[in-house]
Amino acid sequence: MGKHYHLSFTINEMAAELHFSPNYLSKLFKEQMGMAIIEYTNNKRLEEARALLGLPSLTIEDVSKQTGFNYPSYFIAMFKKKYGLTPLQYRMQTKL
């Protein structure tokens, strides 16, 4: 999952691929990783987004799409929740 974090998926699809029930997969993942699959995925996506924000050639929407967020508004809200700044504020702050 670490290298495929940017791809869209559902728990049902992932479970089917691994031949597990969705509930069992979710339970097993949380036991092993200490967090839900979606939380883990969003954290990976947001970490990568933070790195990509250092590239001024990419727009916020580009960063959003490249990291697997389908909607820039959701990406911005998740980023602000995790880091306390919008992606644009973060980019401006790190330029200094």
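**Exercise 1. Find what share of the 96 residues in the protein chain is buried.**

Step 1. The coordinates come from a predicted model. Burial is therefore judged on predicted positions, with buried meaning under 20% relative accessible area.
Step 2. Apply that cut-off along the chain. Buried residues account for 30% of the 96 residues.
Step 3. Turn to the surface. The accessible area of the protein chain is about 6,500 Å². Carbon and sulfur atoms hold 57% of that area.

**Exercise 2. Describe the fold of the protein chain in terms of helices and strands.**

Step 1. Count the elements. The chain has six helices and zero strands.
Step 2. Read them in sequence order. The pattern is α-α-α-α-α-α.
Step 3. Set the overall dimensions. Along the principal axes, the C-alpha atoms fill a box of roughly 50 × 20 × 20 Å.
Step 4. Check how the contacts spread over the sequence. Take those between residues at least 6 apart; 48% of them join residues at least 24 apart.

**Exercise 3. State which element has the lowest mean pLDDT and which the highest.**

Step 1. Start with the whole chain. Its mean pLDDT is 91, and 94% of residues reach 70 or more.
Step 2. Go element by element. Helix H1 (residues 11–18) has the lowest mean, 91. H5 has the highest, 97.
Step 3. Keep the general caution in mind. Where pLDDT is low, predicted coordinates should not be read in detail.

**Exercise 4. Characterise the largest pocket by its volume, its lining and the residue classes of that lining.**

Step 1. Take the volume. The largest pocket holds about 160 Å³ of space.
Step 2. List the lining. From the N-terminal end come Leu-7, Ser-8 and Phe-9. Next are Ile-38, Asn-42 and Arg-45. Gly-68, Phe-69, Asn-70, Tyr-71 and Tyr-74 complete the list.
Step 3. Find the main contributor. Helix H3 (residues 37–52) gives the most to this lining, with three residues.
Step 4. Sort by class. The lining splits into six nonpolar residues, four polar and one charged.

**Exercise 5. Classify Thr-86 as buried or exposed, and name its contacts beyond the neighbours within four places in sequence.**

Step 1. Place the residue. Thr-86 sits in the loop between helix H5 (72–83) and helix H6 (87–95).
Step 2. Compare with the cut-off. Thr-86 has 18% relative accessibility, so it counts as buried.
Step 3. Set aside the neighbours within four places in sequence. Thr-86 then contacts Ile-76, Phe-79 and Lys-80.

**Exercise 6. Decide for Lys-81, His-19 and Glu-47 how each is classed by accessibility.**

Step 1. Take Lys-81, in helix H5. Its relative accessibility is 71%, so Lys-81 counts as exposed. Its C-alpha atom lies 22 Å from that of Leu-55, 26 residues away along the chain.
Step 2. Take His-19, in the loop between H1 and helix H2 (22–33). At 73% relative accessibility, His-19 counts as exposed. Note its backbone as well. His-19 is not a glycine, yet its phi is positive, about 65°.
Step 3. Take Glu-47, in helix H3. Because its relative accessibility is 43%, Glu-47 counts as partly exposed. Glu-47 and Ile-11 are 36 residues apart in sequence, and their C-alpha atoms are 21 Å apart.

Definitions and conventions:
Residues are numbered from 1 along each chain as its sequence is written. This is a predicted model: local features need pLDDT of at least 70, side-chain atom pairs count only at pLDDT 80 or more; totals for chains, interfaces and linings use all residues. Side-chain values use heavy atoms; hydrogens and water are left out. Helices (H or I, at least four residues) and strands (E, at least two) are DSSP runs, numbered from the N terminus. Buried means under 20% relative accessible area, exposed over 50%, partly exposed in between (1.4 Å probe, protein chains only). Contact means heavy atoms within 4.5 Å. On a 1 Å grid over the protein atoms alone, a cavity is a set of points where a 1.4 Å probe fits but cannot get out, and a pocket is an open set with protein on both sides within 12 Å along at least five of seven lines; lining residues have an atom within 4 Å of a point. Grid points are joined across faces, edges and corners, and a volume is the space filled by probe spheres set on the points. Ala, Val, Leu, Ile, Met, Phe, Trp, Tyr, Cys and Pro count as nonpolar, Asp, Glu, Lys and Arg as charged, and the others, Gly among them, as polar. Accessible areas come from the Shrake-Rupley method with a 1.4 Å probe; for residues, only the protein chains shown count as cover. pLDDT is the predictor's confidence in each residue, from 0 to 100.
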